[in-house]
Structures are given as C-alpha cells and as structure tokens.
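Here are some exercises to work through with the structure open beside you. Try each task on your own before reading its solution.

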Amino acid sequence: YNRDMAQEFIRDCADWARHYKLAASPAEEIVLEDEKRDIAAYRITFASGHRVTALSSRPANLRGKQGIVVIDEAAFHDDLPGLIKAAIALLIWGGKVRIISTHNGEDNPFNDIIKDIREGKKTYSLHRNDLDDALGEGLYKRICEVLGRTWTVEVETEWREALIKDYGADAQEELFCIPSQGGGVYLSRAVVESCMTPDIPVLRWRCNDAFAELPDRVRQAEATDWCDENLLPLLSRLDQGSAYFFGEDFGRTGDLTVFWPVERKQDLTCVPPFTVELRNVPFKEQERILFYIVDRLPNFRCGALDARGNGQYLAEVAMQRYGKGRIMQVMLSVEWYRENMPRYKAALEDRTMLLPKDDDILDDHRAVKMDKGIAKVPETHKGKGRDGGQRHGDSAIAGALAVYAVNSGGSAPIHYQGLATGRNFDDGRSADDRDYDRRRGVRPEGVGSGRGCW
C-alpha cells in the first residue's frame, strides 16, 4: 500500500532468488503509464520468462493481467474490496489470489472476509498462523541461528513474554490474529427474536437433590412417566418423511442439560419440534430421556453431544447405542467455537434455524459474546433463568451443536430386513414400546449383538 513496502517486497524476492541460486535479473524499477498519473512498479525477471512485479494497490493496476496475486497487509489498503474485485478476474484464467494480513480492527473489510468464510458465505480457504504457530515451526530457533545465539526452551519463553509485553494492548491483534474492539454481544436481539416462534414448546424437568437417592426402579418409573406424558404426544406427530438431527449441551447440578432435536425440512430449514431442559437430573435418567427421544426420531441421521467433563459419559453411551457414524462426541474447544459459532450465527441471520419463543432461550443467545476474537459464552458468565436456577448460555450451545450435526450430515438411512431368530426377549418394556421399536428398526438394549440386522 506504499512505495517502501513495494521495494521491500521485491528485495525479499531477490534475496530468496539468490538463496535458491535462480537465474534472475537484478531488481529494477519500471514506470507504467496511466491516464491520470505515472505508477511506479518494481520487477524481477527470471531466465525462464517468469517475473515478479510489485505494484501499487490501485485496483486499475491489476486489470488485464494474469498470474498469482498476493495482496499483502490487506487490512491496511485504502480500497480492499475494489482491489479484490479486480484480482478475482484473474481466476478465470487459472490464477490465484492470496490475501495476507495482520488485523486492523474488527470493523475492517479484511475481517469481514474472514467472517464470511467462517459463516460459509465465501468458499475461500482460510489459513491462520499466530506467534505460537510460528514458534512451534522453529521461528525463534532460526532467529538464534541467524544472530548467533544459543537456543533453549527457557530463552525462547522469556523472548516470547518480552515480545508480548512490548506490544502491550496490541499484542492480541498483532501477534495472535485477534481483531481489536471485539467484546460485544455476538447475536443481536433483533436477529434472535426474528427466528423465534411460539409453535415450538420447551419442556422442562427439575429434580430435587433427594431424587438421586431413590431406588433405580422408582427413578426409572418417574422418568418414563414424564416422557410418556410430555414427549410421546409430540414425538408421535413427527413427520415420517423428514430427516432428524439433534444437539445436546450437558449439565448436572449447576448448568442445564439441553436436548435440541431438529427436523430438516424440504427447503433445508431446521425446525425443532420441541426442546428439553433438564435441571439436576441424575445421569441414568438423562440417558433414559435421550434414548427415549432419539429412538423415536424418524430417519435419525446425526447427533452432536457435549463431551466435556461429565458429559463424556452420555456422549459415549449414545455413540455405543447409535453408532460412531451418527454420534459426534464434541470437545467444545476454542477451535470448535471459532469454526462453528459463525455458522450458527449465519443460520439465524438467514432464518434457516428457528427457535422457541422463550425468554430464557433469548437470554442464552444474548450471552454469547466475542471473547478474544472468539464467539462463545464467557466462562465468567452467570445467568439466571425464570425458575431462579443457573444458566450458562446452555440452549445457545445446544442449538449450535444441532446446526453442527446438520452440517455434518451423519449416516444415510439404511434399508434392512430383520432375520427371524425364533427367540423372544423380555427387556422389561411394554408390548407397545417393543412393537414401536420393531417397526422402526431400533435394537433393544443388550439385544441383537451379532444376530439379525438393525
């Protein structure tokens, strides 16, 4: 974006050419005639006929050219959209466009491109390399080699800490690819409310502390009765021709467990038939409720479960029951949030994901904030539901996991024919439940390993 940078770029290219012992002319300055003004450019010509030319960032300079375009420090160009528009024309003839930069604030055309990529709106390939990535690839070892220093882990750690300290408040942006001014609410109230509909019920079950101490048969009966009364009427009305997915965010004593099934309709809109919120419900009863729901989802394709901490148990038993191809055990990491929350936001903005019209669910989605450039619910967030219980953006995470499951696709439905074994099994369920599962091809617990086809 200025003459000094162009000169520096060409000098670097010339140094690498000498390093690789390539036949190249010395760097030369040339002047391109323009109708308004002369434009300085710098060029290296190789014996092969290939050349490297450093131009100013005026979009008109790229018109009519071919090859590979590198837009360096893109966030600092005066007209990045115009420059990219001119560069894209090169792709028609097999060229490439590489857009490289450190960040220059969140409200910048360069960062807008990155958001579009992560939301799936652009098909560009995104590559992210921060200071720690470079150190892992040997950056400081090379610095020590060039400067004649002795490298040790301790010296590298001290150098890294000193560098971060020198950058001060700019360290996150300059060294770790995190745009500044990124601490606001991620999902606006207008976007969330525009996706809400009163047609989606929210089912809630809360247990007191003494419930976990009851005998198994009592807890089992209570959970089954709750499912039969609240879930079965809704599950029996599901469209048998649609594909179904689900997301789940786990909680035991503090946060909620939220089950978020979704129906993917013909127009690719994802609509939850209902959502379920469980507070202080024991592990086994959570398992029973999850199985009750998923066993009755027609054309079930894929589910994504929170597998952090205690949630790993529920994610694992679900994988064992429904198969690795249909159950994703998700570790909710910074990388997962970076890649998937923009896709969830895009689904809400496009209204391809609908939400229950519920105050607590609205608050959960408003709890998602930009935290060091990543959209997530901050660890320090302390929300409270209308029931007085703790919430930590649980339904927003479950919804994001549901969209993740939909985007992952899961396994296609399998047509099968059961093999008669001449054996009867009594798994303690009612005849109606067993008949329902037989018709849908669901294998009863502990039955059918290695025999028949389900």
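**Exercise 1. An acidic residue and its partner**

Is aspartate 359 buried, partly exposed or exposed? Then find its salt-bridge partner.

*Solution.* Before starting, keep in mind that this is a predicted model.

Step 1. Aspartate 359 has a relative accessible area of 46%. Buried means under 20% and exposed means over 50%, so a value in between counts as partly exposed. Aspartate 359 is therefore partly exposed.

Step 2. The partner is arginine 386, and the closest N and O atoms of this salt bridge are 3.9 Å apart. That passes the test, because the cut-off for a salt bridge is 4 Å.

Step 3. Now place both residues. Aspartate 359 belongs to helix H13, while arginine 386 sits in the loop between strand E17 (383–384) and strand E18 (390–391). With their positions 27 residues apart, the pair links distant parts of the chain.

Step 4. Look at the surroundings too. Through shared partners, salt bridges join Arg204, Glu277, Asp358, Asp359, Asp360, Asp363, Asp364, Arg386 and Arg391 into one network.

**Exercise 2. Two salt bridges to compare**

Describe the salt bridges of arginine 142 and arginine 204, and say where the residues of each pair lie.

*Solution.*

Step 1. Arginine 142 pairs with glutamate 145, with 3.0 Å between the closest N and O atoms. The two residues are three apart in helix H5 (residues 139–147), so about one helical turn separates them.

Step 2. Check their exposure. Arginine 142 is partly exposed at 48% relative accessibility, and glutamate 145 is exposed at 57%.

Step 3. Arginine 204 forms a salt bridge with aspartate 360, at 3.7 Å from N to O. Here arginine 204 lies in strand E7 (residues 202–206) and aspartate 360 in helix H13 (residues 359–366), 156 residues apart.

Step 4. Arginine 204 is partly exposed at 37% relative accessibility, whereas aspartate 360 is buried at 5%.

Step 5. For the wider view, the count for the protein comes to 27 salt bridges.

**Exercise 3. A buried charge**

Which side chain of opposite charge is nearest to glutamate 173, and what does glutamate 173 touch?

*Solution.*

Step 1. Start with the location: glutamate 173 is part of helix H7 (residues 171–176).

Step 2. The nearest side chain of opposite charge is lysine 115, 11 Å away. Glutamate 173 is buried and has no salt bridge.

Step 3. Search for a backbone partner instead. A polar atom of the glutamate 173 side chain lies 2.7 Å from the backbone nitrogen of glycine 105.

Step 4. Leaving out residues up to four places away in sequence, glutamate 173 touches His103, Asn104, Gly105, Ile178, Pro179 and Ser180.

**Exercise 4. Neighbours of two strand residues**

What are arginine 206 and threonine 197 in contact with, leaving aside neighbours within four places in sequence?

*Solution.*

Step 1. Arginine 206 is found in strand E7. Its contacts are Arg279, Asp387 and Gly389.

Step 2. Look closer at one of them: the side chain of arginine 206 reaches the backbone oxygen of aspartate 387 at 3.5 Å.

Step 3. Threonine 197 is found in strand E6 (residues 196–197). It is buried, with a relative accessible area of 15%.

Step 4. Threonine 197 is in contact with Leu354, Leu355, Pro356 and Lys357.

**Exercise 5. Two asparagines with positive phi**

Where do asparagine 280 and asparagine 299 lie, and is each one buried or partly exposed?

*Solution.*

Step 1. Asparagine 280 has a positive phi of about 60 degrees, although it is not a glycine. It lies in the loop between strand E11 (275–279) and helix H10 (283–295). At 12% relative accessibility, asparagine 280 is buried.

Step 2. Asparagine 299 has a positive phi of about 50 degrees and is not a glycine either. Its place is the loop between H10 and strand E12 (300–306). At 31% relative accessibility, asparagine 299 is partly exposed.

**Exercise 6. The surface**

Which residues form a nonpolar patch with Phe9?

*Solution.*

Step 1. The patch consists of Phe9, Ile68, Val70 and Ile100, which together have about 330 Å² of accessible area.

Step 2. Phenylalanine 9 lies in helix H1 (residues 3–19) and is partly exposed at 31% relative accessibility.

Step 3. Finish with the whole protein: its accessible surface is about 25300 Å², of which 48% belongs to carbon and sulfur atoms.

Definitions and conventions. Residues numbered from 1 in each chain as written. Predicted model: local features only at pLDDT ≥ 70, side-chain atom pairs only at ≥ 80, totals over all residues. Heavy atoms only, no water. Helix = DSSP H or I, 4+ residues; strand = E, 2+ residues; numbered from the N terminus. Buried < 20%, exposed > 50% of the residue type's maximum accessible area, 1.4 Å probe, protein only. Patch = residues over 30% accessible without salt bridge, like charges linked within 9 Å, V, L, I, M, F, W, Y side chains within 5 Å. Areas by Shrake-Rupley, 256 points an atom, 1.4 Å probe, with all protein chains shown as cover. Lys, Arg positive; Asp, Glu negative; His and termini not counted. Polar contact = N/O pair within 3.5 Å; in protein donor to acceptor, adjacent residues only side chain to side chain. Contact = heavy atoms within 4.5 Å.
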